[in-house]
Amino acid sequence: MSTYNGPWPARRVRQEFFDYFRNRGHTFVPSSSTIPYDDPTLLFANAGMNQACDASLHRQSDSPTFFNLEDVGKDSYHHTFFEMLGNWSFGDYFKKESITFTFELLTGVFKLPKERLYVTYFAGDPQNNIPSDDEAKQTWLTLGMDPTHVIPSKFNFWEMGSTGPCGPCSEVHVDRIGSREVAHLVDGDDPTVVEIWNNVFIQFNRETDGTLKTLPQKHVDTGMGFERIVSVLQEKMSNYDTDVFTPIMARIQELTGARPYTGKFGAEDVDGIDTAYRVIADHVRTLSFALSDGGTPNNVGRGYVLRRILRRGCRYVRKKLGAPIGSFFSSLMPVVVEQMGDVFPELKRKQDEIKEILDEEEESFSRTLDRGEKLFDQYASKAKEAGSNELNGADVWRLYDTFGFPVDLTRLMAEELGMTINEKEFEAAQERSKLASKGTFKKDKSEALKLDVHDLAALEKNSAIPKTDDSAKFGIGNINAQVKGIFYNRQFLSSTSSIPEGANLGVLLDRTSFYAEAGGQECDTGNIVIDDVCDFEVINVQAYSGYVLHTGYLKYGQLSVGDEVISSYDELRRWPLRSNHTATHILNFCLREVLGDHIDQKGSLVAPTKLRFDFSHKAQIPLPELAKIESMSIDWIAQNVKVYSKDVDLKTAYKIPGVRAVFGEAYPDPVRVVVLGYDVDEIANDVENPKWRNASIEFCGGTHVAKTGDIKDFVITEESGIAKGIRRITAVTGQEAHEAARVADELRARLDALDLSSGKEKDTGLKVFSVELSQADISVLRKAELKDRLAAVRKAFDKQIKEKETAANKAAVDALVTHFQEKPDSEAYFAILEVNGNAKVLQNVIAQGKKLGKPVYVFSPDVEGGKIAHANYLPENVRSQGFDAKIWASRVTEILGGKAGGKEEGSQGVGVHVDKVEEALNVAETTYLNRK
């Protein structure tokens, strides 16, 4: 593993690309998010056009980033994340210029010999009547490419989906070795001949019926693989040997103490350590970028992809490199920030947040990885003893369901042993689990399972079932416990063997790590487990006079009184609960500081996704004061003060100046006191010191963060009244706060764009925006700002429309008056008015005709709306001849379609055939002239 000191370091390669296209009239656009928030059909950005779908620039170049979830670690050039250098043209230049740019940059700037380049062009598709892309072929030949290096390909046709923009493409491949002829290796998945650039020529639109329609404006979308071009320029056979990856590899070795990376693949990588280096180096880049763009590991969609990537990486760290996990990836991540933070500043801005998310996820998986691997080894041994190389699918599902092993990770582990998994059994087990959780068991049933006074009386008499020691709920991690009671159908049983499958039941332990719902904080969820024997899913946890009842259902196996189990709460759910509970204390303190000492807590909710705080206050909080409360809360988080807690004698605790307690609440003695910034012992030794009034001090039995900085961020999303004299504030923290900020930024950008638009597009857009803004879950303060801005934009637009309408109305009426002034002998007035179907203007013109006693027929098409308004007037002297306005309008309606109605004096209608307006005008005039 050597450091690159040649002429083409990665930073220079990227910069030369930017400079080349800037010098040719392109606008540089920074990379968009790897997470396409505006397109729910995509988990991650997978093409350059993802971010260019809404672009209006004529020429654009940038450095977007993408995901590809296959083959990583097995070869030298596939990655879950890769950087793409791209240039676009939206209706400006096309094939000739695009191919010329590509050729000039590669051969003129990067100095690649054209003899090592091979290019492809679309060979055509006679079946679908798509011709060969001879223009692309000829352009390459004109530039001096060897005809044997210009290769037709039936696969060179780019489509983003089943419908939409598409077109032929032209790829550039490079022979890493040179001095040979390798046209036959192009697109052959040979690591020595790799694709580095693709020029996509978007000239068609795929219609819903599958046909292709030529676009009125043609576009170019190109992309060059950054890691690949760097490896070519640095004369490395593998992307991982370039200075894109070598700093990461060096840091991996430093953190793990593993042998150096030697670049071996497949069977040559006997110990699998080189593969581990590649996987880890790749995955830390993926995770750093995805998390900086707002991604969050979880069990759904793109979140689950990120969790799979992290857990796969953790397993390689632990198994192949022999290093502990828990904070490994957060220790490796800074080298990615150092390498790429200048081009992608979001990495620097979000570094602390990325670290915290990585540590949360990694620590959580570390608690089950060793147990899961031990079980995997047992399952593999069991299969081999039975003479099979196939893992039981139900066992694979159990590894996922109980230990968080993604199935692709288990599949990888099986491959390392020359084994496969039974996919059908896996799918069946997965389906059974879904039915068990969604069908037989319901959460509302768990909430209905309670210990009443009779049950508690029985427990008090039963010395075999002690009150639960729940002190571990304030710690982190699993604990060992013993089953003391099984509660079902109002009875305490010794075993679950007689309980129907999937039934709702309760479990009492001698000690628990689960937090039972209390003080507004929601309970923990998780599992009570005997590895490979039993898994009890805990859905609800309630405490009754010291007895903690875990309610849920058995996923598999049986439980008996006396069983030794693992009490395993969901740490990833607990984490935001801690943040939101501490944030509630901060909010309570700030409310008192800003609004006064009359603030008393009247209720609260601490959930994983939000916090809610009810308090005494007579009036709505003005926005300036709300802003002060939010700002003060954020300051508490930024100070990153330590959070202390300890039991204190109740009488003593009540003497602490400024201590907060819920009025009417019966507190235990001693009571748990939670303090921000001061050690509880320090306070207890000087109880009546007035300086404690400046700290957040509360009686609280909930779980809290270790330091306020762990909360990350705080956003108030709602302030409202819920009863006379009681107000409610809802707020979010951490990831939810960042998401609220992201949505608010997105709304602001949309409003900026709407402000620059015009006409019906602006009118419709503002109406839709108004609805979406009112429903948006964003900062109350940001929402108020946006509402004010929206009102101003709407007011200005309405004024503009009114002025435009007034001017158009005057011009239309003046045109009629001028017509009869210049042509006093004219019998009638016929006109097409360019007022976008404005019926009001038509009626004003009709009114003027009526004043002059002249027949009038006027039309106004609304092309965008697909309709045409028309109106007429006939004075008495014409009607007396037996011709009326309704007859007149009916003749026009025969041409325009739609409907018309009115009186003999005047009629109006709306047609649908906008393209026939000239014909309708002629019919109106002819009908009038031939009325007799």
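# Reading salt bridges, burial and contacts

Modeller: Let's start with a network of salt bridges that links Arg-259, Asp-269, Asp-271 and Asp-274. A salt bridge here is a side-chain nitrogen of Lys or Arg within 4 Å of a carboxyl oxygen of Asp or Glu. One caution: this is a predicted model, where local features need pLDDT of at least 70 and side-chain atom pairs count only at pLDDT 80 or more, while totals for chains, interfaces and linings use all residues. Residues are numbered from 1 along each chain as its sequence is written, and side-chain values use heavy atoms, with hydrogens and water left out.

Colleague: Fine. What does the count of salt bridges come to by this rule?

Modeller: The count is 59. Take Asp-408 and Arg-308, whose closest N and O atoms are 2.9 Å apart in a salt bridge. Asp-408 sits in helix H13 (407–416) and Arg-308 in helix H8 (301–320), so this pair ties together parts 100 residues apart in sequence. By helices and strands I mean DSSP runs, numbered from the N terminus: H or I over at least four residues for a helix, E over at least two for a strand.

Colleague: And are Asp-408 and Arg-308 buried or exposed?

Modeller: In between. Buried means under 20% relative accessible area and exposed means over 50%, with partly exposed in between (1.4 Å probe, protein chains only). Asp-408 is partly exposed at 25%, and Arg-308 is partly exposed with a relative accessible area of 25%.

Colleague: Which residue meets Lys-712 in a salt bridge?

Modeller: Glu-356, at 3.8 Å from N to O. This pair links distant parts of the chain, 356 residues apart: Lys-712 is in the loop between strands S24 (697–699) and S25 (714–723), and Glu-356 is in helix H11 (351–385). Lys-712 is partly exposed, with a relative accessible area of 23%.

Colleague: Where do Arg-742 and Glu-746 both lie?

Modeller: In helix H21 (734–756), four residues apart, about one turn of the helix. Their salt bridge has its closest N and O atoms 3.1 Å apart. Arg-742 is partly exposed at 22%, and Glu-746 is partly exposed at 27%.

Colleague: Now a charge without a partner. Which side chain of opposite charge is nearest to Arg-176?

Modeller: Asp-190, but at 7.6 Å, and Arg-176 has no salt bridge although it is buried. For charges, Lys and Arg count as positive and Asp and Glu as negative; His and the chain ends are left out. Arg-176 is in the loop between strands S8 (164–175) and S9 (193–206). What its side chain does make is a polar contact with the side chain of Ser-231, at 2.9 Å. A polar contact is a pair of N or O atoms within 3.5 Å; within protein, one must be able to donate a hydrogen and the other to accept it, and residues adjacent in sequence count only if both atoms are side-chain atoms.

Colleague: What else does Arg-176 touch?

Modeller: Contact means heavy atoms within 4.5 Å. Not counting residues up to four places away in sequence, Arg-176 touches several residues, including Arg-116, Pro-191, Val-194 and Met-237.

Colleague: Is Asp-862 buried or exposed?

Modeller: Asp-862 counts as buried, because its relative accessibility is 2%. It is in strand S28 (856–862). The side chain of Asp-862 reaches the backbone nitrogen of Gly-865 at 3.0 Å. Beyond four places in sequence, the contacts of Asp-862 include Lys-760, Asn-836 and Val-914.

Colleague: How many residues of helix H12 are buried?

Modeller: Eight of the 11 in H12 (393–403), so to speak a mostly covered helix. Among them are Trp-397, Arg-398 and Phe-403. At the start of H12, a side-chain oxygen of Asn-392 comes within 2.7 Å of the backbone nitrogen of Ala-394. Just after H12, Gly-404 takes a positive phi of about 75 degrees.

Colleague: And where is Pro-824 found?

Modeller: In the loop between helix H23 (780–822) and strand S27 (829–832). Pro-824 is exposed, with a relative accessible area of 55%. Pro-824 and Val-193 are 83 Å apart, C-alpha to C-alpha, and 631 residues apart in sequence.

Colleague: How many helices and strands has the protein?

Modeller: The protein has 27 helices and 31 strands. Of its 932 residues, 53% count as buried. The C-alpha trace spans about 115 × 85 × 60 Å along its principal axes. Among contacts between residues at least 6 apart in sequence, 70% join residues at least 24 apart.
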